[in-house]
Amino acid sequence: MKIQELWLSVSAVALGWCGTAVAQTVTSPPNSSSELTEVVVTAERRHTDLQTTPISATVISGGDLANLGVIMVDALQFATPGAVINNFGQGNDFNIRGVGKGEHNSQTTVGVVTYRDGVATFPGYFQGEPYYDVSSVEILRGPQGTFGGQNATGGAVLVNTNDPVIGGDVGGYVQAQVGNYTDFGLQGAVNLPISSTLAARLAFDSESRDTFYHVTGPNGGAYNGNPGNVRIGSARVSLLFKPDDALTISLKTDFDYLNFGAYPASPYNSTEDLFNIGVNSPQQGLDRFGRTILKADYVLPDGITLRSVTGYQKGDTQYQADLDGTNVGNSYFADNVWETLWSEEFNVISRDDGFFRWIFGAYADYDNLTFVPNYYFLIGVPPGDKTTEYRLQGTNPTSAVAGFGQLSFQLTSGLQLQIGARYTDAKTTNHVQVEQYGLPLADEQSQKFTNTSGKVSLNWTIDPNNFLYAFVSTGFRPGGLNVPVGFGTPAAFDSEKLTSYEVGWKNTALEGHLRSQVDAFYYDYKNFQVTVGYPQLPTFGFELNNPNPTHIYGFEAQQQAVFGDFSIDDGLAVMHSSLGRFFATDPRIATITPCDPQAGPSSTSCVDLTGHSQTYAPNFTFNIGAQYKFLMSDKDSLTPRLNFGYVGPQWATLFENSSLGDHLAGRSISGAQLAWQHAKFVTTLYATNLTDQHYVAALNSGLNFAGPPRQYGLRFLTSF
């Protein structure tokens, strides 16, 4: 269902999804090994060594998430090169290498898909799920056409939680946190070996924190609503059953109650500090959802693995906001959406050895969005009168089926050829009723999109310490439907398609103390989806495709090093993007002047976008972290750590209109922690955003959403 951006004379309104994540994870004592340990990735449905896998990726262990200062999903951008996460309240723009999410509506699907324990999560709403009891997070850069399928043109994020452990004793951990803004957090997990073939694991996470904002109500008086106080709670129940060496069954169920209170935001032209907000409308940000994942592996006598991964997710999101961001104007937005997502993937996987290795799979999903009856989707300018309200209700079911496979030929002891392909058939449908400022409109549409994507890679293991790869891969993101505005059924927008050319080198040096990954890429990006002014009524938004290709190219490098008790990790990305010839009307500027996407002509309202940068595509990102472990006794150690991340300036829209707030300044975020370990107890003093930089994290509907300010506190961890 295309929830159209409604650009009005008083406010440019873009619709979005919940995305703030207070993501806690256990602060682990640093690795005491003087050498780097193997890093495992699961991107190709096998467990492979990152150093010999033809992919550009960052892998962060569960413990290192906190050590790197990643206490919310936004902070991933300061710990991995080439990623940008712009949080705008009820959603986020997650982009890798300038590709991902650029338009804020339910029909423009994500370009960076997030998996939880092998299951693709909700593709838009419910992005605030916390990280707790996590084994690892894998950030994969570039189109994942073979295994990720649609919605993975930019990349994929694989979140793997800890499995139960069969055998042994009862064990687990508890971590408590206290910090400024009256922050209190508690999380933990316990492993319960039930029998020699069955084990359970229970995990939980909770946090209570006061708002970052000083919010005033009408006429500068007290605000009686929720100013953004956070109250969240999550729990996970996991079971692992292994009756013999051949069969493994895992069942995980998550429950999340995420009350973020509100997402206050200020007008792009406000002169006030980002955390001083005035509102006169109710505010709300509440997500409630659950997920069950059933995974079964069966290894046949000849070593072939049969795998089934089934996912069922159901959620309810509620959002209210002051659309003008002031306590003077009177613009209001609210929505309540129910979403149900079912998915199934089946794999047949060959042995890991031999000349010829292969994997074949089938995938299907069904995702249904329900915009709650009685028109709980509401834009009021002002509210209270049908002639000044845009209201919507109905359903938007989408579905996809796909088949995929990859063949690997070990041509010599060091040379390997991989060929992969995936066929996808996607469908989206609208069953929607609209009341457009008193005008009733019915929206009954359906559209199908098909695509074949894949990858051809040549991989060369020169020696145990050097690995080279070169590949061509493609990605696909389906198109969608535009909502009618009174001129009949509008045309759908088409699928995006991306072709990536990438080369990479991975090296291990200094007798295993230093590890590096370097890559260069070039993208040919066709049919980029963008919202422009509606042809007959430019004050409404209309989504179409850039008729000429966008080109993106760049270079990335990462390294990790351990020298005794000292360790360091860093990464950088350099990138350039350029749109092909394209003219468009900026829907924020009222006009009736025609504008042809191919020919223009260029004018004040018809903007020539040729050569403009891709949205959310900074030319430079950099991150570095270092720590040293001081041994004080056989039971005590003290480990200071410093982190720094920089994300360069970027554009929030293709129109690059600084006077309308499109330019987002660079972000330089530093963090530090000091961990004292005594036997099984770890006490950590931490601080994020040390310089308390107040920066715009995202622009949506003409509103600036602030990134989190400085936070500091103590964490107490014990294991048992």
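Where is the place of Pro601? This is settled in Exercise 1, after two remarks on the model.

The model is predicted: local features need pLDDT of at least 70, side-chain atom pairs count only at pLDDT 80 or more, and totals for chains, interfaces and linings use all residues. Residues are numbered from 1 along each chain as its sequence is written, and side-chain values use heavy atoms, with hydrogens and water left out.

**Exercise 1. Locate Pro601 and describe the peptide bond that joins Gly600 and Pro601.**

Solution.
- Step 1. Pro601 is placed in the loop between S36 and S37. Strands are DSSP runs of E with at least two residues, numbered from the N terminus.
- Step 2. The bond joining Gly600 and Pro601 is a cis peptide bond, with omega about 5°.
- Step 3. Another cis peptide bond joins Val381 and Pro382, again with omega about 5°. Pro382 belongs to the loop between strand S25 (377-380) and strand S26 (389-410).
- Step 4. As background, most residues other than glycine have a negative phi, and most peptide bonds are trans.

**Exercise 2. Describe the disulfide formed by Cys595 and Cys606.**

Solution.
- Step 1. A disulfide is a covalent bond between the sulfur atoms of two cysteines. The criterion applied is a pair of cysteine sulfur atoms within 2.5 Å.
- Step 2. Searching the whole structure yields 1 disulfide. In the pair Cys595 and Cys606, the sulfur atoms are 2.0 Å apart.
- Step 3. Cys595 lies in the loop between strand S36 (583-585) and strand S37 (606-608), while Cys606 lies in strand S37, so the pair ties together parts that are 11 residues apart in sequence.
- Step 4. The torsion about the S-S bond of Cys595 and Cys606 is about 65°, and therefore the disulfide is right-handed.
- Step 5. For accessibility, buried means under 20% relative accessible area, exposed over 50%, and partly exposed in between (1.4 Å probe, protein chains only). Cys595 is partly exposed because its relative accessible area is 21%, whereas Cys606 is buried because its relative accessibility is 1%.

**Exercise 3. Follow the pairing of strands S30, S31 and S34.**

Solution.
- Step 1. Strands of a sheet pair through backbone hydrogen bonds, either parallel or antiparallel. Two strands count as paired if DSSP finds at least two bridges between them.
- Step 2. Strand S30 (residues 496-509) pairs with strand S31 (residues 514-526) in the antiparallel sense over 13 bridges. Within this pairing, Tyr501 has Tyr522 in S31 as its bridge partner.
- Step 3. S30 and S31 make a hairpin with 4 residues between them, and Leu510 in the turn has a positive phi of about 55°.
- Step 4. S31 also pairs with strand S34 (residues 550-563), in the antiparallel sense over 12 bridges. Here the bridge partner of Leu514 is Ala561 in S34.
- Step 5. After S31, Asn527 is in the loop between S31 and strand S32 (529-533). Asn527 is not a glycine, yet its phi is positive, near 65°. Asn527 is partly exposed because its relative accessible area is 22%.

**Exercise 4. State the strand order of the open sheet of 5 strands, and name its edges.**

Solution.
- Step 1. The order is S5-S11-S12-S9-S10, with mixed pairing.
- Step 2. The edges are strand S5 (56-61) and strand S10 (119-120), each of which pairs on one side only.
- Step 3. S5 and strand S11 (residues 134-141) run antiparallel and are joined by 6 bridges. Thr58 has Ile139 in S11 as its bridge partner.

**Exercise 5. Is Gly475 buried or exposed, and which residues does Gly475 contact?**

Solution.
- Step 1. Gly475 is part of strand S29 (residues 466-477).
- Step 2. Gly475 is buried because its relative accessibility is 4%.
- Step 3. Contact means heavy atoms within 4.5 Å. Leaving aside neighbours within four places in sequence, the contacts of Gly475 are Pro143, Thr153, Ser453, Glu496, Lys497 and Leu498.

**Exercise 6. Place Ser281 and list contacts of Ser281.**

Solution.
- Step 1. Ser281 is in the loop between strand S20 (276-278) and strand S21 (284-299).
- Step 2. Ser281 is buried because its relative accessible area is 5%.
- Step 3. Apart from neighbours within four places in sequence, Ser281 is in contact with Tyr223, Ala321, Asp322, Ser331 and Tyr332.
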